Structure formats: structure tokens, C-alpha cells
Amino acid sequence: MSALESAEQLAEQNPESSLQEPDALPPVEPNPAPLPEESGAVSPDDWQLLLVNRWNPLPDGYTFERTKLKYGHSVDSRAYPDLQEMMDDCRAEGLDPVICSSYRTQAKQQELYENKIQQLTEEGYSYENAVTEAGTVVAVPGTSEHQTGLALDIVDASYQILDQGQEDTRVQQWLIEHSWEYGFVLRYPNAKSEITGIIYEPWHYRYVGREAAREMTELGLCLEEYVDWLSAR
């Protein structure tokens, strides 16, 4: 999500412990893949390390089973248990995290992308420059991690603005320190924009699994670097 966009669906002021709605989305055929934790090894081909960026679009026909959350959100069902535990533990510390964006359809991503281009052209950018700039803050449809169901934008209920000030909130400070323990990493860290192709976003978390998140944190690697590191081993 762009730092210049408004956060989506921020009505959740007093979230309950459970993230999940009582009813779930009708399941779709998942991509069968064993959890790497079962063998203790991490492979660059593991489902939770799917690399989606401007150079690596979502695979054609990609599907996964979704778990429906509150307020219209949903995530890949395989990431849901760790997400629930992370949010519960964050709230147990007296904090108030809010999920403001999760899984997006192709149509939703297209809408956000086109809106960003329009906004930039209205600010005086040429169309060509607007397209280039838009792609650094709102992923081109088909290249957004939100379409994988493995990415979430999480904000502090006391500060629901998607800008760099988000990093100073108590929720983000807790998540930056602890999210890896639950298999999540800050996907677009500072000083990595040339590698990720996306501006610094101190609110965008990506599920990669607990072992991968631990290694990425210890090595100081973003997902692109980590996948390359795994492939070279």
C-alpha cells in the first residue's frame, strides 16, 4: 500500500482477540506444498517464499485457500495461525494493532494503481512519469504481494496514517522487534528500495515462515536477497 493512500477499513477501534469471522470464505483449491518446518530446512521453492515484485509477477492461475478475517479482510489459511498468535501477543502487551489491508483481488489492485496514476497526473506529472512513480508506491497489478494473501498492512490504532511516522508508534516498534518470531518480516525495509522496487513501508508485513524469518532477521536480508542466498547455497 502506498504511503500516500488512505488506509483501508480502519473502523476496528476495539478489536476482539480473535481475528476470524465465524464464517469462512468458500475454499478454493490450494497449492499443495509441505511446510519446510517439518524437515527443518528452507528452500527457495517453498510456498511461503513466493517472490512477487515488479520483476516477478504472480504465477498464472495461482490459487490458495483463504481464511476470512473481520472487516472484510482475508489471508492465506496457512499463515493464519501465526498471524492470530502474533496479534494476540501484541494486544497482550497493551497495544492496539489494526489490519488495514490484506488480500487483494486483481481488480482491487488495478483500482488502486489507476487511482495513484490519476493522482500524480493531477499533481503535474506527465503520464509516463506518473506511471513510473506510481509503480514505486503501488505495485502494478499482478505484481503486488497483497495478491498472494501473505502480506498485511498493520497500523497502530492511535496513528492510522501510512507514512514514515508509523515506525515511531508502539505497535510498529513491537512488531519490528518481534514479528520474525511468528514468521513475519517487514517486507520493504529502509535502504532496500533499490532491491525491492518499493519505497520504505514500516507497516507492510509479509509471512515467510518462522525459520526463514529468523534467518532473514539475523542476516539483515530482504526477501529478494534471501531467495538469492538460498539459491546459492
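# A first look around the chain

Visitor: Hi! What does the secondary structure of the chain come to?
Guide: Hello! The chain has seven helices and six strands. Keep in mind that this is a predicted model.

Visitor: What pattern do they follow along the sequence?
Guide: Reading along the sequence, you meet β-β-α-β-α-α-β-α-β-α-β-α-α.

Visitor: How much of the chain counts as buried?
Guide: Of its 233 residues, 50% count as buried. The accessible surface of the chain is about 10,900 Å², and carbon and sulfur atoms account for 50% of that surface.

Visitor: And the contacts? How many join residues at least 24 apart?
Guide: Taking contacts between residues at least 6 apart in sequence, 73% join residues at least 24 apart.

Visitor: Let's go to the strands. How many residues of S4 are buried?
Guide: Six of the six, so S4 is largely enclosed by the rest of the structure. That strand covers residues 151-156.

Visitor: Which way do its residues point?
Guide: They split into two sets. Ala 151, Asp 153 and Val 155 point one way from S4, while Leu 152, Ile 154 and Asp 156 point the other way. All of these residues are buried.

Visitor: Which strands pair with S4?
Guide: S3 and S6 both do. S3 pairs with S4 in the antiparallel sense over four bridges, and S4 pairs with S6, also antiparallel, over three bridges.

Visitor: Which residues stand opposite each other between S3 and S4?
Guide: Ser 101 stands opposite Asp 153, and Val 98 stands opposite Val 155. Over on the S6 side, Leu 152 has Tyr 205 as its bridge partner.

Visitor: Is S3 mostly covered or mostly open?
Guide: Mostly covered: S3 spans residues 97-101, and five of its five residues are buried. Within that span, Cys 100 counts as buried because its relative accessibility is 0%.

Visitor: A cysteine! How many disulfides does the structure hold?
Guide: Zero. Another cysteine you can look up is Cys 222, which is buried, with a relative accessible area of 3%.

Visitor: Changing topic: how many aromatic pairs are there?
Guide: A search of the whole structure finds six. In one of them, the rings of Trp 47 and Tyr 207 have their centres 6.1 Å apart.

Visitor: Why is that pair called stacked?
Guide: The planes of the two rings are at 25°, so the pair counts as stacked. The cut-off for that label is planes under 30 degrees apart.

Visitor: Where do the two residues sit along the chain?
Guide: In distant parts of it, 160 residues apart. Trp 47 is in the segment before strand S1 (66-68), and Tyr 207 is in strand S6, which runs over residues 204-207.

Visitor: Are they buried or exposed?
Guide: Both are buried: Trp 47 has a relative accessible area of 7%, and Tyr 207 is at 5% relative accessibility.

Visitor: What else is around Trp 47?
Guide: Ring pairs link Trp 47 with Phe 184 and Tyr 207 in a cluster. Arg 78 lies over the face of Trp 47, at 4.0 Å from the ring centre.

Visitor: What does Ser 179 touch?
Guide: Leaving aside residues up to four places away in sequence, Ser 179 touches Met 86, Trp 174, Phe 184, Val 185 and Tyr 205. Phe 184 is the residue you just met in the ring cluster, and Tyr 205 is the bridge partner of Leu 152.

Visitor: Where is Ser 179, and is it buried or exposed?
Guide: Ser 179 is in the loop between helix H4 (170-178) and S5. At 3% relative accessibility, Ser 179 counts as buried.

Visitor: Last topic, backbone angles. Which residues other than glycine have a positive phi?
Guide: Two to look at are Tyr 71, with phi near 60°, and Ala 191, with phi near 70°.

Visitor: Where would I find them?
Guide: Both are in loops. Tyr 71 is between S1 and strand S2 (74-76), and Ala 191 is between strand S5 (184-186) and helix H5 (193-196).

Visitor: How exposed are they?
Guide: Tyr 71 is partly exposed, with a relative accessible area of 40%. Ala 191 is exposed, and its relative accessible area is 74%.

Methods
Residues numbered from 1 in each chain as written. Predicted model: local features only at pLDDT ≥ 70, side-chain atom pairs only at ≥ 80, totals over all residues. Heavy atoms only, no water. Phe/Tyr/Trp six-rings, centres within 6.5 Å; stacked < 30°, edge-to-face > 60°. Buried < 20%, exposed > 50% of the residue type's maximum accessible area, 1.4 Å probe, protein only. Lys NZ or Arg CZ within 6 Å of the ring centre and 35° of its normal. Pairing = 2+ DSSP bridges. Contact = heavy atoms within 4.5 Å. Areas by Shrake-Rupley, 256 points an atom, 1.4 Å probe, with all protein chains shown as cover. Disulfide = S-S within 2.5 Å.
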